[in-house]
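Thanks, everyone. Let me put the structure up, and then I'll walk through it.

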Amino acid sequence: MIIVLKPECTNDQLEQFIERLTSHYDLQVNTWVGTQRTVLGLIGDTSSVDMDYIAAQDLVESVKRVQEPYKKANRKFHPDNTVITLPGGQKIGDGSLTLMAGPCSVEGEEQICGIAERVKTAGAKFLRGGAFKPRTSPYSFQGMKAEGLALLSEAKKKTGLPIVTEIMRVSHLELFEDVDIIQVGARNMQNFELLKELGKIKKPILLKRGLSSTIEELLMSAEYIMAGGNEQVILCERGIRTFEPYTRNTLDISAVPVLKKLSHLPVVVDPSHAGGIAWLVEPLAMAAVAAGADGLIIEVHNDPPHALSDGAQSLTPDQFDRISSRLFEVGKVFGKTR
Ligand code: PEP
Ligand code: MN
């Protein structure tokens, strides 16, 4: 349920009103204060709330029930875009085009540090690389694990780029102290126990859409994290399963404007896993920028033919360099800063 208050409502009135609501009903009240108005979002079982009584209060402008099952992730509860600010000052969702780039897997010190330098020069604001890899086959390379995380930290120290990497189980959380944004991969989008634990921490979470998940399911997974108190969630469209075998997945470009409409959370697109082919990364990334994405995750490898995972979709640093400047140009056309 959403209650919009009249602009003249004072702080005291607001506090008393919230106090009355929470003492009468077993509800949580989410307060959003805008420049023009204040919106209260009631979270919990609102079936017993008397809408006519609420609407009759002096300070209330309007009341309506919210049909969607996601509340904290819902734009109706938080009309402004959420901007995520990292301790180093980097922002996501502030109107800039954020590039996150790096190899699918961290493979060694020279590899990760070399790629980090190159993507930084090309304009990437984050280094992304996998240390724990969720592979379809148990016989495929599973990642360098803790050693991979240490190498990411080293690349961060050398370049100043904050790091983004995937977590696969709750018990690994203590290893992620130096990680700036924790990624939840497509396969774990509905690992609710993991999501609940990530709801208790203070770091931004990059939540990838499941292979066969609906937009609403993605938002409900974001809700799991937010319900625990961590409201710094970045949504990621990375392609979904369809009947089309030519591409690895089908990039659901419509998910970008739909997510932006339904939610206030930043939306990034991963054209690398969506297309699965290096030459498709540029056109898909362009489409994502035009559709309103706040950022892109792009896989870059120093030697794609010999990459230990996802070589076919990886760009070389030179290719990334050329593409990123074109992406910033396109971004400018659509009002995005660098
Ligand atoms: C990845 O980001 O490297 C990855 C495994 O992606 P996804 O979870 O989208 O398949
Ligand atoms: Mn990959």
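I'll go from the overall fold to the annotated domain, and then to three residues.

One caution at the start: this is a predicted model. Now the overall picture. The protein has ten helices and 14 strands. How compact is it? The radius of gyration is 21 Å, and the globule rule gives 20 Å for 338 residues, so the protein is as compact as a globular protein of that length. Along the principal axes, the C-alpha trace spans about 70 × 45 × 45 Å.

Next, burial and contacts. Of the 338 residues, 56% are buried. Take the contacts with a separation of 6 or more: 68% of them join residues 24 or more positions apart.

Now the surface. The exposed area is about 15100 Å². Carbon and sulfur atoms supply 51% of that area. On charge, we have 38 positive and 42 negative. Their mean positions lie 3 Å apart.

On to the domain. The UniProt entry, which is unreviewed, annotates "domain: DAHP synthetase I/KDSA" over residues 84-330. Within that stretch, the chain is 36% helix and 15% strand. The C-alpha atoms at the two ends of the stretch are 23 Å apart.

Now the three residues. Start with P266. Where does it sit? P266 is in the loop between α7, residues 255-262, and β13, residues 267-269. Is P266 buried or exposed? Its relative accessibility is 1%, and the cut-off for buried is under 20%, so P266 counts as buried. What does P266 touch, beyond its neighbours within four places in sequence? Its contacts are T82, I84, I92, G93, V233, I234, L235, K260 and D294. Look at Q232 as well. Q232 and P266 are 34 residues apart along the chain, and their C-alpha atoms are separated by 9.2 Å.

The other two residues are about backbone angles. K145 is not a glycine, yet its phi is positive, at about 55°. K145 belongs to helix α4, which covers residues 145-159. K145 has a relative accessible area of 40%, so it is partly exposed.

D310 also has a positive phi without being a glycine; the value is near 55°. D310 lies in the loop between β14, residues 295-299, and α10, residues 317-333. Its relative accessibility is 18%, so D310 counts as buried.

To recap the residues: P266 is buried in a loop, K145 is partly exposed in a helix, and D310 is buried in a loop.

That's the tour. Over to you for discussion.

Methods. Residues numbered from 1 in each chain as written. Chains lettered and ligands numbered in written order. Predicted model: local features only at pLDDT ≥ 70, side-chain atom pairs only at ≥ 80, totals over all residues. Heavy atoms only, no water. Helix = DSSP H or I, 4+ residues; strand = E, 2+ residues; numbered from the N terminus. Rg over C-alpha atoms; globule rule 2.2 N^0.38 Å. Buried < 20%, exposed > 50% of the residue type's maximum accessible area, 1.4 Å probe, protein only. Contact = heavy atoms within 4.5 Å. Areas by Shrake-Rupley, 256 points an atom, 1.4 Å probe, with all protein chains shown as cover. Lys, Arg positive; Asp, Glu negative; His and termini not counted. Charge placed at Lys NZ, Arg CZ, Asp CG, Glu CD. UniProt positions renumbered as here; feature names shortened; annotations may be inferred.
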